[in-house]
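Here are a few friendly notes to read alongside the model. Please have a look at the helix packing first, then at the cores.

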Amino acid sequence: KSASIRVPLGEVVKETFGVDLEVALLTRRQWLAPLSFITTGADLVVPLPAEGAWAKELQDFRFLPVGCLVSSTAPHVTLSTCKAKTQLPNQVVNSFGNDLPTVELEEQVGRGRKIIFAALGTMALADRWDQDLGKASGGNLPAGVTGKQFCQHVWKVLIHAMEELGEDYFCVLCVGKQPDALDFLENALPSNILVRSSVPQVAMLDKFADVFISHAGFNSLQESLMAGVPLVAVPQAVDQPANAIKVQQCSWGISFLKPIESLSQKALTSSLRELCSPTSHCRRAVASARTNLTGGVQSLVEKLLDMRLGMEGHETSADSI
C-alpha cells in the first residue's frame with residue numbers, strides 16, 4: 001500500500017524536478033548510491049561480510065564514516081511513553097519530571113560527589129515493558145523476561161550498590177512513565193538517588209555524568225563516548241549485546257553480558273568505583289575514542305562540498321567537449 005502512494009508522488013517529483021527518488025526501492029536505495037555517508041567513526045563500523053556472502057546489489061556498496069553528529073542543539077532525550085495496554089483503569093502514569101536537575105547536580109558536584117547516570121532505553125521502558133524481551137535478545141536474556149523484569153533487576157542491584165557506595169556518589173535514575181515502574185520498592189530510596197522519568201541525555205552526559213549505566217544502544221554509546229564518559233553496559237537485545245562486547249574490547253567501560261545472571265551488587269559497586277577513578281584506563285580509552293568521533297559535522301560538510309565541486313567540474317568539462 002505504501003508503494004502505491006510513493007510511486008505516483010515520486011513520478012511527479014521526477015517529472016517536475018528531474019530527481020529520481022527511487023521510490024520503488026525505498027528501503028534499499030542507499031545500496032544504489034555511489035557513496036553513502038555513515039555518521040559514526042571508524043572504530044564503530046561493523047566489518048562487512050566476506051565477498052560473496054551477501055546480496056548481489058551490495059557488491060559495489062561503498063560507505064564512508066564521517067564522524068558523529070551528536071549535538072546539544074538536537075538533544076537525545078531518554079523519553080519513554082507508557083503503552084496504553086499496560087495501564088489499568090485506576091492507574092495514573094508516573095511522572096518524575098523530564099528536566100535536567102541542574103540545581104541538584106551542581107550542588108552534588110560542589111560536594112565532590114561522583115555522578116552516576118542510569119538510563120536503559122525505550123525498548124525495555126516502553127515498547128516491551130510487558131512483553132518478552134528475551135525473545136529478541138539472541139540468548140542474552142532468558143526467554144520470557146519482560147522489559148519490566150529486566151529494568152527492575154538492574155534498578156534493584158543499582159539501589160543496593162548506591163547504598164554501599166554512600167555519600168561520595170550520587171545517581172540520577174531514569175525510570176520512564178510506566179505506572180508500575182517502582183512497585184518493587186519496599187523501602188524509601190537512598191538519599192543519594194534522584195529519580196526522573198527522563199532527562200535530556202546529551203546535556204546530562206556532557207555536563208555532569210562521571211559514569212553512564214546504559215543498555216548500550218548505538219545512539220547512547222556514541223553520545224557517551226562523545227561526552228568522554230565511560231559506560232557500564234547492561235545490554236538487552238538487538239544490537240546491544242554486540243555493542244557491549246565492543247565496549248569491553250575497547251576498554252570504553254565494563255560490560256555485563258547476560259545481565260540477569262552476571263549483574264550483582266558486588267560487581268556493579270566495584271565497576272562504578274573503578275570507572276569513577278581519574279586514573280582508570282577506561283577513561284583514557286574513552287578520551288581516545290572521542291577524538292576519533294568528533295568533527296562529524298565539519299567532515300560531512302567538507303565531503304559534500306567536494307562532491308559538489310567535483311560534479312560542477314565534470315559538467316564544465318563535458319560542456320567544453
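Is the crossing of α4 and α9 right-handed or left-handed?

1. The crossing of these two helices, α4 and α9, is right-handed (the near helix is turned clockwise from the far one by less than a right angle; anticlockwise would be left-handed). Bear in mind that this is a predicted model, where local features need pLDDT of at least 70, side-chain atom pairs count only at pLDDT 80 or more, and totals for chains, interfaces and linings use all residues. Residues are numbered from 1 along each chain as its sequence is written, and side-chain values use heavy atoms, without hydrogens and water.

2. Helix α4 spans residues 147-165 and helix α9 residues 265-276; they pack at about 55°, with axes 9 Å apart. That angle makes α4 oblique to α9 (neither under 35 degrees, nor over 145, nor 65 to 115).

3. On the α4 side, the contact (heavy atoms within 4.5 Å) is made by V157, L158, H160, A161, E164 and L165. Helix α9 brings Q265, L268, T269, L272 and R273.

4. The largest nonpolar core (buried Ala, Val, Leu, Ile, Met, Phe, Trp, Tyr and Cys residues joined through side-chain atoms within 4.5 Å, buried being under 20% relative accessible area with a 1.4 Å probe, protein chains only) has 42 residues. I116, F150, W155, I213 and L268 have the most contacts inside this core. Its largest share, 10 residues, comes from α4.

5. Beyond its neighbours within four places in sequence, I213 touches residues including I116, L158, V234, L268 and L272. A second, separate core has 30 residues, among them A119, V172, F208 and A227.

Methods. Axes are lines fitted to C-alpha atoms, for helices over the stretch in contact, and angles run from 0 to 180 degrees between N-to-C directions. Helices (H or I, at least four residues) and strands (E, at least two) are DSSP runs, numbered from the N terminus. Buried means under 20% relative accessible area, exposed over 50%, partly exposed in between (1.4 Å probe, protein chains only).
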